[in-house]
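The following account leads the reader through a structural model, beginning with a single residue and proceeding to the sheet, the open and enclosed spaces, and the chain as a whole. Please keep the sequence and the three-dimensional view at hand.

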Amino acid sequence: MPLIIMTGTPCSGKTTRANELKNYFETRGKKVEIISEEETIDKATFNKNSFYADSKQEKLIRGNIKSNAQRLLTQSDVLIIDGSNYIKGYRYEIYCMSKLYKTPQCTVQCDLPIEHAWLWNEKRSDNKQYSREIFDDLILRYEPPDNKNRWDSPLFIVNPEDQLPCKEIYSSLYEVKAPKPNMSTQCPPLSATNYLYEMDRITQDIINEIASAKQLGIEYNIKIPKYNVILLNSASIPQLTRLRRQFLNYSKIQQIETDKIPSLFIEYLNKSL
């Protein structure tokens with residue numbers, strides 16, 4: 001999917017603009033998917049203010065969004081990542097991913113004076129509001145996009161009173177050549193040693209996540225957001241460890257792609273249990 005990165009400070013109108021873009025592209029016959037940072041936070045049952053105060057939770061959600069984006073990227077329809085996307089390094093990672101899939105990308109920055117954004121925040125329902133401390137902190141953290149950076153270009157800066165330049169955004173995605181992947185965005189084949197290490201690390205990580213869920217009393221539909229997978233039925237840790245060894249032995253014989261390890265391992269557990 002041609003990719004649109006929404007970015008901006010809190011309450012600057014990103015979701016409103018994302019929905020405008022969705023409506024426009026659909027009138028042009030395109031299928032549109034929106035990955036919403038706010039909805040992803042809600043699904044993880046995180047409180048917004050405590051979430052932005054916890055770097056581990058933020059890292060988890062960013063990984064989840066990136067994983068979903070990777071799953072949805074194609075070369076025909078449109079994918080919009082609706083969120084603050086305030087870290088330029090994270091925007092660069094997404095840019096590298098779009099290059100890997102040979103799909104164009106553009107950035108839409110919603111620009112709004114800080115105090116105007118705060119007034120918009122105060123009009124939200126209590127459970128949707130930022131605290132003043134977190135709001136100010138996010139303003140300080142924000143790394144604005146720069147059209148000189150290839151990962152932020154082409155950049156469309158939109159003020160509240162502006163009409164969204166939908167035609168120009170459409171042209172930037174569908175009337176240009178897809179970017180060519182370079183060495184930095186290619187996935188070189190893993191050596192046998194690296195492959196076994198990654199296989200061991202990922203499967204053990206999943207077992208550890210399952211064990212943590214079981215300690216909380218969760219036995220069914222165990223979600224592992226880090227890898228975007230769900231274990232339908234649990235079992236004892238010794239049984240899961242035995243199944244993990246079996247999976248490792250099978251995988252040594254038939255090497256699989258690293259990014260498919262989590263889903264294939266969970267599929268193996270679900271079938272075995």
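**From one lysine to the whole chain**

K214 has a relative accessible area of 21% and is therefore classed as partly exposed, because that class begins where the buried class, under 20%, ends. The model in which this value was computed is a predicted one. K214 belongs to helix α9, a helix that covers residues 192–215. Beyond its neighbours within four places in sequence, K214 makes contact with E219, S234, A235 and I237. A further relation in this region concerns S236, which is separated from K214 by 22 residues in sequence, while the C-alpha atoms of the two are 9.2 Å apart in space.

The sheet may be considered next. It is an open sheet of five strands, arranged in the order β2-β3-β1-β4-β5, and its pairing is parallel. Because β2 (32–36) and β5 (155–158) each have a single partner strand, they stand at the edges, and one side of each is left without a neighbour in the sheet. On average, and with direction ignored, neighbouring strands are turned by 20° against each other. Within the sheet, β1, formed by residues 3–8, pairs with β3, formed by residues 78–82, through three bridges in the parallel sense. In this pairing, I4 is found opposite I80 of β3.

Two helices that pack on this sheet deserve attention. Helix α1, residues 14–27, touches β1, β2, β3, β4 (105–110) and β5, and its direction makes about 160° with that of β1. Helix α4, residues 55–72, packs on the sheet through β2 and β3, and its direction makes about 170° with that of β2.

Helix α4 also takes part in an open space of the model. The second largest pocket has a volume of about 780 Å³. Its lining consists of 26 residues, of which K43, A44, N64, K223 and P225 are the closest to its centre. Two or more lining residues come from each of the elements β2, α2 (37–43), α4, α9, β6 (220–224) and β7 (229–233). Which element gives the largest share of this lining? That element is α4, with four residues. In terms of residue class, the lining comprises 13 nonpolar, seven polar and six charged residues. Helix α9, the element that holds K214, is thus also among the contributors to the lining of this pocket.

Enclosed space is a separate matter. How many cavities of 30 Å³ or more does a search of the whole structure find? The search finds one. The largest cavity has a volume of about 60 Å³. Its lining is made up of E37, F51, E58, R62, S84, N85, Y86, I87 and Y90. By class, these lining residues divide into four nonpolar, two polar and three charged.

The chain as a whole may now be described. Its secondary structure amounts to eleven helices and seven strands. The C-alpha trace spans about 60 × 45 × 35 Å along its principal axes. Of the 273 residues in the chain, 42% count as buried. Among contacts with a separation of 6 or more, 76% join residues that are 24 or more positions apart.

Technical notes
Residues are numbered from 1 along each chain as its sequence is written. This is a predicted model: local features need pLDDT of at least 70, side-chain atom pairs count only at pLDDT 80 or more; totals for chains, interfaces and linings use all residues. Side-chain values use heavy atoms; hydrogens and water are left out. Two strands pair if DSSP finds at least two bridges between them. Axes are lines fitted to C-alpha atoms, for helices over the stretch in contact, and angles run from 0 to 180 degrees between N-to-C directions. Contact means heavy atoms within 4.5 Å. On a 1 Å grid over the protein atoms alone, a cavity is a set of points where a 1.4 Å probe fits but cannot get out, and a pocket is an open set with protein on both sides within 12 Å along at least five of seven lines; lining residues have an atom within 4 Å of a point. Grid points are joined across faces, edges and corners, and a volume is the space filled by probe spheres set on the points. Ala, Val, Leu, Ile, Met, Phe, Trp, Tyr, Cys and Pro count as nonpolar, Asp, Glu, Lys and Arg as charged, and the others, Gly among them, as polar. Buried means under 20% relative accessible area, exposed over 50%, partly exposed in between (1.4 Å probe, protein chains only).
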